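Here is a short tour of the model you have open, meant to be read with the structure on screen. We begin with one residue and work outwards to the sheets and the core.

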Amino acid sequence: TILAAFAGVVVAALFGVFGQRPVETAASAQAATLTVSAPTRLRSNLVYQGRVTVAAHRRLEHATLVLADGWTEMTSINTIAPAAAEEESRDGKLALDYGAVPAGERLVVYLQLQVNPTNVSHRSQDVTLLDGERVVASVSRSVTVFP
C-alpha cells in the first residue's frame with residue numbers, strides 16, 4: 001500500500017497537480033485590462049515566473065500594482081523587471097509604482113520568484129491596479145504551496 005500511495009503521488013505530479021503550470025486571470029475595466037499569469041499551485045523551493053500585464057485603454061497617470069501577500073510571504077523575490085520607479089508597503093502588501101502608461105500602451109512586469117523551503121500554505125495572490133489612489137482593476141486569485 002505504501003508503494004501504491006507513492007505511485008499515486010508520482011502520477012499526480014506528472015499531471016501537474018503539484019504546480020508550476022501557469023494560470024491566466026484577467027479583469028477588464030474602462031481604463032485598462034489587467035492580466036496575471038502565474039502558477040496557482042507551487043512546491044517548496046520551486047523557482048517560478050509571474051507576469052502582470054496592464055493594457056491601458058486610456059492614459060494612466062500613476063499606474064501602481066499592489067500585490068497581495070501570496071506573492072511575497074515566505075517567497076524570495078529574485079527579480080522584478082522592469083523595476084518600479086517606487087516601491088512601498090501598503091498595509092503589508094507590496095506596491096510597485098510605474099508612473100504613466102499612455103493610452104494604447106502595455107506595461108508588462110515579470111516577477112522571478114522562489115518558494116522558501118519551509119513554506120506550506122494557501123494565500124491570496126491578488127493583484128490590484130491603481131491609478132494614483134483610484135482602483136482601476138483587480139484580479140482575485142490564490143496560491144497553494146505544497147511541501
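In this predicted model, a good place to start is Asn 119, which is in contact with Ser 44, Glu 73, Met 74, Thr 75, Val 145 and Phe 146, leaving aside its neighbours within four places in sequence. You will find Asn 119 in the loop between S9 and strand S10 (121-124). Is Asn 119 buried or exposed? Its relative accessibility is 1%, and buried means under 20%, so Asn 119 counts as buried. The side chain of Asn 119 also reaches the backbone oxygen of Met 74, at 3.1 Å.

Now to the sheets. Strands of a sheet pair through backbone hydrogen bonds, either parallel or antiparallel. In this model, one open sheet has 5 strands in the order S1-S2-S4-S9-S6, with antiparallel pairing. Strand S1 (22-28) and strand S6 (75-81) are its edge strands, each pairing on one side only. From one strand to the next, the twist averages 15 degrees.

Another open sheet of 5 strands, also paired antiparallel, runs S7-S8-S5-S11-S12. Here strand S7 (86-90) and strand S12 (134-139) each have a single partner strand, so one side of each is left without a neighbour in the sheet. Neighbouring strands of this sheet are turned by 25 degrees against each other on average, direction ignored.

One strand pair from each sheet is set out below, with an example of bridge partners.

| Antiparallel pair | Bridges | Example partners |
|---|---|---|
| S4 (residues 47-56) and S9 (residues 106-115) | 9 bridges | Ala 55 and Arg 106 |
| S5 (residues 60-67) and S8 (residues 93-101) | 6 bridges | Leu 67 and Leu 94 |

What about the interior? In soluble globular proteins, nonpolar side chains tend to be buried together. The largest nonpolar core here has 35 residues, and those with the most contacts inside it are Leu 34, Val 54, Leu 60, Leu 65, Tyr 98, Val 127 and Leu 129. Elements giving two or more residues to this core include strand S2 (32-39), strand S11 (127-131) and strand S13 (142-146). Which strand gives the most to this core? That is S9, with 5 residues.

For a closer look at this core, try Val 54. Leaving aside neighbours within four places in sequence, Val 54 is in contact with Leu 34, Leu 60, Leu 65 and Leu 129, among others. Its contacts also include Ala 32, Thr 33, Glu 105, Arg 106 and Leu 107.

Definitions and conventions. Residues numbered from 1 in each chain as written. Predicted model: local features only at pLDDT ≥ 70, side-chain atom pairs only at ≥ 80, totals over all residues. Heavy atoms only, no water. Pairing = 2+ DSSP bridges. Helix = DSSP H or I, 4+ residues; strand = E, 2+ residues; numbered from the N terminus. Axes fitted to C-alpha atoms, helices over the stretch in contact; angles between N-to-C directions. Core = buried A, V, L, I, M, F, W, Y, C linked by side-chain atoms within 4.5 Å. Buried < 20%, exposed > 50% of the residue type's maximum accessible area, 1.4 Å probe, protein only. Contact = heavy atoms within 4.5 Å. Polar contact = N/O pair within 3.5 Å; in protein donor to acceptor, adjacent residues only side chain to side chain.
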